[in-house]
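Colleague: Got a minute to walk me through this one? I'd like a quick tour before I go back to the bench.

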Amino acid sequence: RHIVQHSNDLSRSKICEWAFKVVDHFGYEREIVGICMDYIDRYMSSLKKSSTQLPANDYQILSATSLYLAVKLHGKKDNKCAP
């Protein structure tokens, strides 16, 4: 089983790129990605305190859930991107 370390910049940058693609596709403001990444960072830092590691597939679930929450709580359509 592959374990994700919080300091794994490659995984973090991939998640960030994916989140930007999603918000751009659906026309949400790009600051949603920053909020999403903050949620991920907070959760990962709580795991670090307890010395728990997160399996890679759980990291993907965490990322999707964080983006979903960020959109639901803070999402506004970007009028510049609207057709």
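Modeller: Sure, let's go through the fold, the core, the cysteines, the charged pairs and the surface. Keep in mind that this is a predicted model.

Colleague: Fine. How many helices and strands does the chain have?

Modeller: There are three helices and two strands. Going along the sequence, they come in the order β-α-α-β-α.

Colleague: And what share of the residues is buried?

Modeller: Of the 83 residues in the chain, 28% are buried. As for contacts, if you take those between residues at least 6 apart in sequence, 75% of them join residues at least 24 apart.

Colleague: OK, what's in the largest nonpolar core?

Modeller: That core has 16 residues. The ones with the most contacts inside it are I32, I40, M44, L54, Y59, L62 and L67. Helices α1 (9-26), α2 (31-49) and α3 are the elements that each give two or more residues to this core.

Colleague: Which of them gives the largest share?

Modeller: Helix α2 does, with seven residues.

Colleague: You listed L67. What does L67 touch, leaving out residues up to four places away in sequence?

Modeller: L67 touches W18, A19, V22, V23, I32 and C36.

Colleague: C36, a cysteine! How many disulfides does the structure hold?

Modeller: Zero.

Colleague: Why is there no bond from C36 to its closest cysteine sulfur?

Modeller: Because of distance: the sulfur of C36 is 8.1 Å from that of C16, the closest cysteine sulfur, and that is too far for a bond.

Colleague: Are those two buried or exposed?

Modeller: C36 is buried, with a relative accessible area of 0%. C16 is partly exposed, at 23%.

Colleague: Switching to charges. How many salt bridges are there?

Modeller: Three. In one of them, the side chains of D41 and R12 meet, 3.0 Å from N to O. D41 lies in helix α2 and R12 in helix α1, so this pair ties together parts that are 29 residues apart in sequence.

Colleague: How much of each is accessible, in relative terms?

Modeller: D41 has a relative accessible area of 24%, and R12 has 27%. Both values put them in the partly exposed class.

Colleague: Which residue does R42 pair with?

Modeller: R42 meets D38 in a salt bridge, at 2.9 Å from N to O. The two are four residues apart in helix α2, so about one helical turn separates them. R42 is exposed at 57%, whereas D38 is partly exposed at 33%.

Colleague: And which residue forms a salt bridge with D24?

Modeller: R30 does, and the closest N and O atoms of that pair are 3.0 Å apart. D24 is partly exposed, with a relative accessible area of 35%; R30 is also partly exposed, at 45%.

Colleague: Last topic, the surface. How much area does the chain expose?

Modeller: About 5,800 Å², and carbon and sulfur atoms supply 54% of that.

Colleague: Which residues form a nonpolar patch on the surface?

Modeller: Y68, L69 and L73 do, with about 330 Å² of accessible area together.

Colleague: Where is Y68 found, and why does Y68 count as exposed?

Modeller: Y68 is found in helix α3, which covers residues 56-74. Its relative accessibility is 53%, so Y68 counts as exposed, the cut-off for that being over 50%.

Technical notes: Residues numbered from 1 in each chain as written. Predicted model: local features only at pLDDT ≥ 70, side-chain atom pairs only at ≥ 80, totals over all residues. Heavy atoms only, no water. Patch = residues over 30% accessible without salt bridge, like charges linked within 9 Å, V, L, I, M, F, W, Y side chains within 5 Å. Areas by Shrake-Rupley, 256 points an atom, 1.4 Å probe, with all protein chains shown as cover. Salt bridge = Lys/Arg side-chain N within 4 Å of Asp/Glu carboxyl O. Buried < 20%, exposed > 50% of the residue type's maximum accessible area, 1.4 Å probe, protein only. Core = buried A, V, L, I, M, F, W, Y, C linked by side-chain atoms within 4.5 Å. Contact = heavy atoms within 4.5 Å. Disulfide = S-S within 2.5 Å.
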